[in-house]
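Please read the sequence alongside the model, and keep both in view while the paragraphs below move from confidence to strands, core and chain contact.

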Amino acid sequence: MCGAPTQTMTLPPGVDLAKETVLAGRVVAGDTGVGGAFVRLLDASGEFTAEVVSSATGDFRFFAGPGSWTVRALHCSGSGSAVVTADRPGLHPVDVAVA
Amino acid sequence: MEDAIGVKNLVDVRSPDEFAGRILAPAHLPQEQAQRPGHIPTALNVPWSKAANEDGTFRSDDELRALYAAEGLDESRPTIAYCRIGERLSHTWFVLHELLGYSDVKNYDGSWTEYGSLVGVPIELGDGKG
């Protein structure tokens with residue numbers, strides 16, 4: 001949808017972390033990154049907001065806004081979710097364990 | 001589009017936070033955009049994803065009909081769907097036109113990127129329908 005870019009930990013040039021609220025992390029199983037997982041961002045009410053596919057190393061990234069978000073990962077090896085509260089713009093790390 | 005306000009069903013299929021104006025783009029994209037935030041007055045917010053099950057399949061016809069009815073879609077009126085750049089609305093167009101069989105369903109291809117850039121058009125902020 002709208003051409004989700006390849007997911008990497010390196011932010012695209014021009015992204016101003018003083019203005020953007022970035023949620024970024026990895027889908028992991030144990031210590032291993034899980035690539036090819038569908039990673040969904042749900043808003044504070046649990047509604048779908050966006051989806052990306054994790055990179056080969058399990059990385060994903062969303063540009064959201066301040067608030068409480070749930071990141072849900074679905075993969076053939078399992079699923080999992082994590083809640084992240086972003087109280088201000090900046091980089092907010094969040095990893096999602098799938099099992 | 002202004003002529004359709006209050007006359008046709010306007011279905012905003014973006015996420016609730018985009019509809020309300022809290023974010024300006026789907027959340028895999030940077031949020032700095034040229035448009036104003038918000039939605040077209042009288043638009044219903046039915047995110048395209050509500051028409052799908054978690055595994056990506058479409059919900060049943062009965063569930064879909066109930067979903068749009070509960071949000072206030074008037075089956076006797078023509079419908080225009082919009083999103084940000086016209087991709088997500090195609091999912092909802094397919095549901096309304098092909099699955100539910102409503103005959104007069106159109107895509108607003110300019111969507112929010114056009115409407116939110118126009119000068120002098122009415123725009124609403126917030127979650128409420130109005």
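Within chain A of this predicted model, confidence is lowest in β4(A), where the mean pLDDT is 91, and highest in strand β9 of chain A, residues 96-97, where the mean is 97. For chain A as a whole the mean pLDDT is 90, and 91% of its residues reach 70 or more. Where pLDDT is low, the predicted coordinates should not be read in detail.

The strand β4(A) is also a good place from which to enter the fold. An open sheet of four strands in chain A runs in the order β4-β3-β6-β7, with antiparallel pairing. Its edges are formed by β4 (48-53) and β7 (78-86) of chain A, each of which pairs on one side only. On average, and with direction ignored, neighbouring strands of this sheet are turned by 20° against each other.

At the β4 edge, the pairing can be followed residue by residue. Strand β3 of chain A, residues 38-42, runs antiparallel to β4(A) and is joined to β4(A) by five bridges. Along this pair, A:Val39 has A:Val52 as its bridge partner in β4(A), while A:Leu41 stands opposite A:Ala50. The hairpin of β3(A) and β4(A) has five residues between the strands, and in this hairpin A:Gly46 takes a positive phi near 90°.

From the strands we turn to the packing of side chains. In soluble globular proteins, nonpolar side chains tend to be buried together. The largest nonpolar core of the model holds 26 residues, of which A:Leu23, A:Val27, A:Ala64 and A:Val71 touch the most other members. At least two residues of this core come from each of β1 (21-29), β3, β4, β5 (59-64) and β6 (67-75) of chain A, and the largest share, five residues, is supplied by β1(A).

Which residues does A:Val71 touch, leaving aside those up to four places away in sequence? They are A:Leu23, A:Val39, A:Leu41, A:Ser81, A:Ala82, A:Val84, A:Val94 and A:Val96. Among them are A:Val39 and A:Leu41, the residues whose partners across the β3-β4 pair are A:Val52 and A:Ala50. Apart from the largest core lies another, of 22 residues, which includes B:Val13, B:Ala43, B:Val105 and B:Tyr115.

The last step is the contact between the two chains, to which chain B gives 18 residues and chain A gives 19 residues. On the side of chain B that touches chain A, the residues divide into eight nonpolar, four polar and six charged.

How values were computed:
Residues numbered from 1 in each chain as written. Chains lettered and ligands numbered in written order. Predicted model: local features only at pLDDT ≥ 70, side-chain atom pairs only at ≥ 80, totals over all residues. Contact = placed C-beta atoms within 7 Å. Nonpolar A, V, L, I, M, F, W, Y, C, P; charged D, E, K, R; others polar. Pairing = 2+ DSSP bridges. Axes fitted to C-alpha atoms, helices over the stretch in contact; angles between N-to-C directions. pLDDT = per-residue confidence, 0-100. Core = buried A, V, L, I, M, F, W, Y, C linked by C-beta atoms within 7 Å. Buried ≥ 20, exposed ≤ 12 C-beta atoms within 10 Å, placed from the backbone.
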